[in-house]
Amino acid sequence: MVCNECKKSIAKNSNYCKHCGTKVEKIKAAVTEGKPESDSPVIFREIQVTEEEADTGAERILEFDGALEPLHIIFPRLFCTGQLFMVKKFKFLNEQGKKYKKNILIRVNIA
């Protein structure tokens, strides 16, 4: 991580810069629903599963606009409602044909 004031490298969990003493401000990641936006670091999606799928495990194929391929995800058995799963660096293609990567955050709800 880099200090916003002096631009020197500091530890990720620092509350203050060890070089200049400036308080480090923690920034929370923004999330969007479904479609990837170029300025958003995370894409958020909610998935509904049955109680039976929660007990035995579930499998879903998710489509995202601009994704190079569908996301095939297998949820483990015995998960609970509200549980979060993160898919890191999923590949997308923008309008100009340039590849980029986004993280996808998935919340599972049991219906």
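Hi everyone, let me begin with the stretch to be careful about. Over residues 27-37 the pLDDT stays under 50, and for that stretch the model has 25 contacts beyond four places in sequence. This is a predicted model, and where pLDDT is low, the predicted coordinates should not be read in detail. So please keep that in mind if you zoom in there. For the chain as a whole, the average pLDDT is 81, and 85% of the residues score at least 70.

Now the overall layout. The protein chain has six strands and one helix. Starting at the N terminus, the order of elements is β-β-α-β-β-β-β. Of the 111 residues in the chain, 30% are buried. The chain exposes about 8,000 Å², and carbon and sulfur atoms supply 50% of that area. If you take the contacts between residues at least 6 apart in sequence, 35% of them join residues at least 24 apart.

Let's move on to charged pairs. How many salt bridges does the structure hold? There are two. One of them joins Arg107 and Glu46, with the closest N and O atoms 2.8 Å apart. Arg107 sits in strand S6, residues 99-110, and Glu46 sits in strand S2, residues 42-49, so this pair ties together parts that are 61 residues apart in sequence. Both ends have some access to the surface: Arg107 counts as partly exposed at 30% relative accessibility, and Glu46 is partly exposed with a relative accessible area of 35%.

There is also a salt bridge between Glu53 and Arg60, whose closest N and O atoms are 3.0 Å apart. Glu53 is partly exposed too, with a relative accessible area of 21%.

On to the aromatic residues, which I enjoyed looking through. A search of the whole structure finds five aromatic pairs. Take Phe64 and Phe92: their rings are edge-to-face, 6.3 Å centre to centre, with 75° between the planes. Phe64 is in the loop between strand S3 (58-62) and strand S4 (71-75), while Phe92 is in strand S5 (residues 83-93), so the pair ties together parts 28 residues apart in sequence. Phe92 also pairs with Phe90; here the ring centres are 5.8 Å apart and the planes stand at 75°, so this pair is edge-to-face as well.

Are Phe64 and Phe92 buried or exposed? Both are buried, and for Phe92 the relative accessible area is 0%. Phe90 is buried as well, at 10%. If you step back, ring pairs link Phe64, Phe90, Phe92 and Tyr100 into a cluster.

Last topic: the cysteines. The structure holds zero disulfides. Why is there no bond between Cys6 and Cys17? The cysteine sulfur closest to that of Cys6 belongs to Cys17, and at 3.6 Å it is too far for a bond; the cut-off used here is 2.5 Å. Cys17, likewise, is in no disulfide, and its nearest cysteine sulfur is that of Cys6. As for their surroundings, Cys6 is partly exposed, with a relative accessible area of 26%, whereas Cys17 counts as buried at 4%.

That's my tour, and I'm happy to go back to any of these spots on the screen. Thanks for listening!

Terms used
Residues numbered from 1 in each chain as written. Predicted model: local features only at pLDDT ≥ 70, side-chain atom pairs only at ≥ 80, totals over all residues. Heavy atoms only, no water. pLDDT = per-residue confidence, 0-100. Contact = heavy atoms within 4.5 Å. Salt bridge = Lys/Arg side-chain N within 4 Å of Asp/Glu carboxyl O. Helix = DSSP H or I, 4+ residues; strand = E, 2+ residues; numbered from the N terminus. Buried < 20%, exposed > 50% of the residue type's maximum accessible area, 1.4 Å probe, protein only. Phe/Tyr/Trp six-rings, centres within 6.5 Å; stacked < 30°, edge-to-face > 60°. Areas by Shrake-Rupley, 256 points an atom, 1.4 Å probe, with all protein chains shown as cover.
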